[in-house]
Amino acid sequence: SKTKAGVGAAAVDPRNRRSLRTHLGLPWRHTVFDAELIGVYLALELLEKLPPHASHCAIYLDNQAAITAIASKPKPQSGQYIIAEFHKKLERI
């Protein structure tokens, strides 16, 4: 999310009552796109903490630009370092 005070991201695992959130910084340094990408990364952090017998999960994301960006390997664009880290973590899981 983005407000005058700053930009932040969060991920929630309601079944296990866990959540992660972070403040990215001031609104002129970060975008909603950055926050959406970080939110998906945080979702992977929560996914890593699930027990090994967990068989499926769902990550809900309503930002079309972020969905398109993470659907393929990173390319020169805004947030590419976040996308690269997302793919690294996804491969480890």
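Author: Two strands pair if DSSP finds at least two bridges between them, and a strand is a DSSP run of E with at least two residues, numbered from the N terminus. This is a predicted model, where local features need pLDDT of at least 70, side-chain atom pairs need 80 or more, and totals for chains, interfaces and linings use all residues. Numbering runs from 1 along each chain as its sequence is written, and side-chain values use heavy atoms, without hydrogens and water.

Reader: So what makes β2 and β3 a pair?

Author: Their 7 bridges, in the antiparallel sense, meet the cut-off of at least two, so they count as paired. Across that pairing, V12 stands opposite S19 in β3.

Reader: Why are β1 and β3 called edge strands?

Author: The open sheet runs β1-β2-β3. β1 (2-3) and β3 (18-25) each pair on one side only, so they're the edges.

Reader: How do you know which strands α1 touches?

Author: Contact means heavy atoms within 4.5 Å. α1, a helix (H or I, at least four residues), packs on the sheet and touches β1, β2 and β3. Its direction makes about 30° with that of β2, using lines fitted to C-alpha atoms (for helices, over the stretch in contact) and N-to-C angles from 0 to 180 degrees.

Reader: What makes a residue part of the largest pocket's lining?

Author: A pocket is an open set of points on a 1 Å grid over the protein atoms alone, where a 1.4 Å probe fits, with protein on both sides within 12 Å along at least five of seven lines; lining residues have an atom within 4 Å of a point. Here 28 residues qualify, with V12 among those nearest the centre. The largest share, 8 residues, comes from α1.
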